[in-house]
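Got the viewer open? Here is a short route through the model, with a selection to make at each stop.

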Amino acid sequence: MKFSLLYEMQIADPTPTSEAAMFRESVEQAVLADRLGYHRIWAAEHHGLYEYSHSSAPEVFLSFVAARTERIRIGAVVALLPPRHDQPLRVAERIATLDALSGGRVDFGVSKSSSAVEQGALEVEPATLHEQWLEALRAIPEMWQREVFESKGEYLDVAPTRVLPKPVQSPHPPIFCACTGADSVVSAGRLGLGAINLAMGTDDYLMGKVAAYRDAVGAAEPVGKAVVDHFACAPPALVLGDDKRACAYGFRGARFLTVALGRYYFGRERSAARLPVERGFLSDADLAAAMQNRGAPGAANNACIGDPSAAKEFVQRFVEIGVDELVFIMQMGTVPMELVTESVRTFGEKVLPHFA
């Protein structure tokens with residue numbers, strides 16, 4: 001089992017000062033994670049998702065991480081939506097540059113801007129979203145491989161061009177896909193992509209998704225030059241020495257994360273206002289119930305929250321399910337950054353070695 005961190009750059013009640021502090025402290029957490037043996041730092045790309053994600057330029061953040069670390073892998077989840085979002089040629093250039101600067105530590109994640117806020121801001125046509133994404137996804141590995149790339153596709157028209165620089169890794173950086181639904185997980189496998197999905201549903205449900213993914217990737221026709229057989233889950237997480245303290249802050253943070261995600265992604269409403277999300281702590285009764293329900297048979301397995309003992313039980317379930325990597329979302333909007341740092345350290349010192 002590998003353990004990683006995902007940064008959405010969530011922040012409740014942001015100001016320019018608190019935003020800047022969040023980015024700087026996130027870099028320091030990545031440096032700590034490198035020392036403690038975490039596998040990877042993932043950073044997602046989003047635009048206009050106020051409070052939910054202020055990570056509009058993940059490669060810039062990750063370049064700071066690469067410069068300050070030695071071993072940990074660098075995962076950039078980039079949305080590919082030509083022509084208005086990320087021109088594929090420019091994506092290929094940025095990822096290859098980051099791969100060179102990091103010494104060949106980059107993993108390339110792809111996603112889609114499926115929120116109405118992002119689509120409206122970037123003039124994306126939802127009806128052709130998937131086709132645009134897939135054409136761009138197929139083109140980028142070719143840009144890395146060919147000396148001279150050209151394309152005359154339905155959405156991508158590139159005159160003969162030397163796409164520079166080339167990545168350090170051979171044949172190219174491993175390619176992953178952000179996906180959560182059962183169908184999208186299978187689609188990722190068929191394309192030969194590693195799968196990164198939210199840790200949603202019961203253990204049996206997730207086990208079925210892992211099995212379906214393995215079947216699909218076993219018969220993959222990869223978009224790149226290599227198949228990535230890797231199934232990762234991204235649960236909310238907060239691991240502290242004090243179990244109740246971890247749960248009080250962790251379940252509040254997980255509620256902020258999931259409700260904010262739902263506001264942006266499960267509806268077509270566009271709003272630039274402050275999110276109508278509850279920011280207070282759970283009541284004593286609700287907190288007690290949430291703590292009691294952790295790991296219960298048939299319960300949804302969506303949060304690694306508690307002390308190291310509870311975290312070990314959580315991780316063991318995912319080991320038995322067959323998940324390859326847990327990508328923890330510790331940096332949640334209502335969790336103070338000092339507690340995120342404490343969580344990175346506590347898990348890295350008290351839990352991670354148990355599964356090495």
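Which residue of β6 does Ser151 stand opposite? Select the two strands and look: the partner of Ser151 is Val158 in β6. Before moving on, note that this is a predicted model, where local features need pLDDT of at least 70, side-chain atom pairs count only at pLDDT 80 or more, and totals for chains, interfaces and linings use all residues. Residues are numbered from 1 along each chain as its sequence is written, and side-chain values use heavy atoms, with hydrogens and water left out.

**Stop 1: the hairpin**

Keep β5 (residues 149–152) and β6 (residues 157–161) on screen. Helices (H or I, at least four residues) and strands (E, at least two) are DSSP runs, numbered from the N terminus. The two strands form a hairpin with 4 residues between them, and they pair in the antiparallel sense over 3 bridges; pairing here requires at least two DSSP bridges. Now colour β5 by face: Phe149 and Ser151 sit on the covered face, while Glu150 and Lys152 are on the uncovered one.

**Stop 2: the loop after β6**

Select Leu164 and Pro165: the peptide bond between them is cis, with omega near -5°. Next pick Ser170 and Pro171, also joined by a cis peptide bond, with omega about 5°. Pro165 is in the loop between β6 and β7, and Pro171 lies in the loop between β6 and β7 too. Most peptide bonds are trans.

**Stop 3: the barrel**

Show the strands β1-β2-β3-β4-β7-β8-β9-β12 and you have a closed barrel of 8 strands with parallel pairing. From one strand to the next, the twist averages 25°. For a sample of the pairing, zoom in on β4 (residues 106–111) and β7 (residues 175–178), which pair in the parallel sense over 3 bridges. Phe108 is there, opposite Ile175 in β7.

**Stop 4: α3 and its neighbours**

Bring up α3 (residues 88–102) with α5 (residues 129–145): their axes come within 9 Å and cross at roughly 50°. Axes are lines fitted to C-alpha atoms, for helices over the stretch in contact, and angles run from 0 to 180 degrees between N-to-C directions. So α3 is oblique to α5; angles under 35 degrees count as roughly parallel, over 145 as roughly antiparallel, 65 to 115 as roughly perpendicular and the rest as oblique. For the contact (heavy atoms within 4.5 Å), select Pro88, Leu89, Val91, Ala92, Ile95 and Ala96 in α3, which meet Ala136, Ile140, Met143 and Trp144 in α5.

Swap α5 for α2 (residues 58–68): α2 packs against α3 at an angle of about 10°, with the axes 10 Å apart. That is why α2 and α3 count as roughly parallel to each other. Here Glu59, Leu62, Ser63 and Ala66 of α2 touch Arg94, Ile95, Leu98 and Ser102 of α3.

**Stop 5: two positive phi values**

Finish in the loop between β1 (2–7) and α1 (16–36), where Met9 is found. Phi of Met9 is near 60°, positive in a residue other than glycine. Asp13 is in the loop between β1 and α1 as well, with phi near 55°. Buried or partly exposed: which is Met9, and which is Asp13? Met9 is buried, at 1% relative accessible area, whereas Asp13 counts as partly exposed at 42% (buried is under 20%, exposed over 50%, partly exposed in between, with a 1.4 Å probe and protein chains only).
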